[in-house]
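Got your viewer open? Here's a short walk through this structure, one selection at a time.

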Amino acid sequence: MEIKNHKWSEKQLLKERKEVLKQWPTGEQILDLDEAVEYQKSMPEELNAAFLLNRAKKNAKTLIQPRGGVNNVNDHIQLLNILEKQGGADLLPTTIDSYTRNARFEEAQQAIEKDVTNGEGSILNGLPAVNVGVKEIRKIREQTNAPLVGRTCAPYPRLLAEMLLAGGYTSMEGGGITCLIPYTKTDSLEMSIKRWQYVSRLMRYYYDHGGIVLHRESYGPCTGVLIPPCITLAISILECIIDCEQGITNYSLGYGMGGNITQDIVAMKVLEEVCQEYLDMLGYKDIKLTTYFHQYMGAFPKDEEKALALITFGATVGALSRATVIITKTTHEAHGIPTAQNNAQSCRATKNIINMLNGEKIEGTDKMKQEEMMLRKATKSILDSTLEIGNGDAAIGTVRAFKAGIIDVPFSPSNYNKNLLLSHKDLRGAIRIADPGNVPIPKEVMGYETKKIKERTEKQKIEPGYKMLLEDILTFTGRNN
Ligand code: 5AD
């Protein structure tokens with residue numbers, strides 16, 4: 001096994017860094033890491049994601065963050081200004097294009113050189129941050145007024161992290177598991193975890209040498225399709241543990257809306273509580289946890305009104321879950337990458353819901369308590385089995401747990417995922433486990449899940465299988481009304 005859940009020495013980081021910077025010529029621009037630390041030090045506190053997130057949590061406020069990224073830097077700055085000024089985005093995104101996420105910088109370069117769109121869209125599906133280089137990234141920083149977050153769910157994040165952090169970004173979304181399992185077929189899970197260890201250890205360097213607190217966020221939704229909450233929670237918590245070992249102190253757990261309001265609210269609560277419990281148990285002290293709630297990540301309606309209804313439904317559940325941040329979707333989701341104005345519209349709608357709900361909490365019903373107990377048991381069982389199979393090491397345990405099917409993500413294309421677990425929606429749209437495969441779901445919880453699926457199959461006269469799965473996947477596309 002090449003990895004261990006053990007903090008890298010600074011020497012190891014700097015040795016690997018030399019190789020990382022050689023991946024593309026712009027790496028030379030950031031040879032001097034201490035200059036990058038100085039640049040971060042010159043930035044006001046209000047532009048630091050960790051600062052903003054902690055303040056929001058303290059004041060029980062829910063913030064909003066859209067996604068967004070185009071290949072041309074000036075267009076990207078314009079997009080971010082629209083999201084901030086017209087949308088009221090609290091944190092500004094930079095979605096990175098797929099070539100860069102896979103360290104295919106040569107192909108990104110060819111696309112940039114071919115670009116003739118002139119503001120009429122984007123040839124890439126995000127900003128090729130490595131190719132544009134540090135000066136341009138700092139230009140983005142200097143022409144915007146909110147913390148910049150790299151939406152960097154990348155299996156190959158190292159040079160990308162170097163460039164964004166040197167450019168003034170203070171947060172990166174991703175993780176060794178969640179950036180691999182939904183996206184690639186043959187790439188090794190172990191190496192992906194190792195590359196993300198590099199990112200977190202690099203962030204720690206900024207703290208050790210300049211007192212800069214940088215923030216990591218786990219990409220909760222994974223494949224975004226029918227993932228039982230216990231799987232999402234276990235993965236997000238494992239990514240958190242692995243990052244904290246490298247010295248991260250400010251961490252956001254992620255969760256993607258499943259569609260049943262009780263299940264989603266409970267999941268957000270259990271996610272944070274169980275994570276805190278494991279961090280305490282494993283000795284990671286003073287970690288500041290916050291949460292990200294993703295509006296629905298599955299198939300969207302084509303119809304704009306129906307899409308907006310789904311967005312506002314997500315906003316409602318996110319706000320009632322007391323998420324620190326809601327990641328917004330757009331009414332263009334079924335059609336492609338949204339325009340800036342369309343993106344800002346979803347931000348406004350989401351913010352309006354948050355304001356109308358005014359901090360309301362929903363908790364304590366018997367139904368919720370039962371759901372909570374079941375979810376806690378299932379999540380802890382997966383975490384305990386993972387730690388056990390890794391002899392107490394979360395990174396080794398994660399690799400072995402995927403191999404054994406202890407963690408199993410539905411609809412993953414990865415060879416490193418067992419693909420035995422089957423899930424369905426119940427009568428009320430909650431995600432239930434029909435067949436756990438090798439995932440150690442306690443007997444009592446399986447009894448509960450089976451009962452919930454049976455309620456639906458009996459009422460709707462439908463059998464678990466392909467047709468039911470199709471219904472589940474298309475459930476919010478609004479095709480039946
Ligand atoms: N701009 C805006 N949104 C994007 N998404 C992906 N790339 C971009 C981009 N460049 C959003 C889409 C997608 C989700 C994963 O992220 O909503 O479904």
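Start with the shell around the ligand, whose residues split into 2 nonpolar, 5 polar and 3 charged. Keep in mind as you click that this is a predicted model. To see the shell, select Arg67, Gly68, Gly69, Thr95, Asn125, Gly126, Lys329, Glu333, Ile337 and Pro338, which surround the ligand.

Next stop: the nonpolar interior. The largest nonpolar core holds 139 residues, and the members touching the most others are Met163, Leu165, Ala234 and Ile237. Now colour helix α11, residues 229–245, which gives the most to this core with 11 residues. Then centre on Ala234 and look for its partners farther along the chain: leaving out residues up to four places away in sequence, Ala234 touches Thr379, Ile382, Leu383, Thr386 and Ile407.

From there, go to α16. How many of the 11 residues of α16 are buried? The count is 8, so to speak a helix that is mostly covered. To highlight the buried ones, pick Ala394, Ala395, Ile396, Gly397, Thr398, Val399, Ala401 and Phe402. Show the neighbours too: the cover over these buried residues includes α10 (189–210), α11 and α15. Just past the end of α16, click on Gly405, which takes a positive phi of about 80°.

Now put α15 (residues 366–389) and α16 (residues 394–404) on screen together. Their axes come within 7 Å and cross at roughly 110°. An angle of 65 to 115 degrees counts as roughly perpendicular, so that is how α15 and α16 lie to each other. For the contact itself, select Ser385, Thr386, Leu387 and Ile389 on the α15 side, with Ala394, Gly397, Thr398, Arg400, Ala401 and Ala404 on the α16 side. Coloured by class, this contact shows 5 nonpolar, 4 polar and 1 charged residues. Thr386 is worth a second look, as one of the residues touched by Ala234.

Last stop: α2 (residues 33–41) against α10. Here the axes come within 10 Å and cross at roughly 75°, which makes α2 roughly perpendicular to α10. Select Leu33, Asp34, Val37, Gln40 and Lys41 from α2, then Tyr205, Tyr206, His209 and Gly210 from α10, and you have the contact. By class, the contact of α2 with α10 comes to 4 nonpolar, 3 polar and 2 charged residues. And α10 should look familiar, being among the elements that cover the buried residues of α16.

Conventions
Residues numbered from 1 in each chain as written. Predicted model: local features only at pLDDT ≥ 70, side-chain atom pairs only at ≥ 80, totals over all residues. Axes fitted to C-alpha atoms, helices over the stretch in contact; angles between N-to-C directions. Helix = DSSP H or I, 4+ residues; strand = E, 2+ residues; numbered from the N terminus. Parallel < 35°, antiparallel > 145°, perpendicular 65-115°, else oblique. Contact = placed C-beta atoms within 7 Å. Nonpolar A, V, L, I, M, F, W, Y, C, P; charged D, E, K, R; others polar. Near = placed C-beta within 6 Å. Core = buried A, V, L, I, M, F, W, Y, C linked by C-beta atoms within 7 Å. Buried ≥ 20, exposed ≤ 12 C-beta atoms within 10 Å, placed from the backbone.
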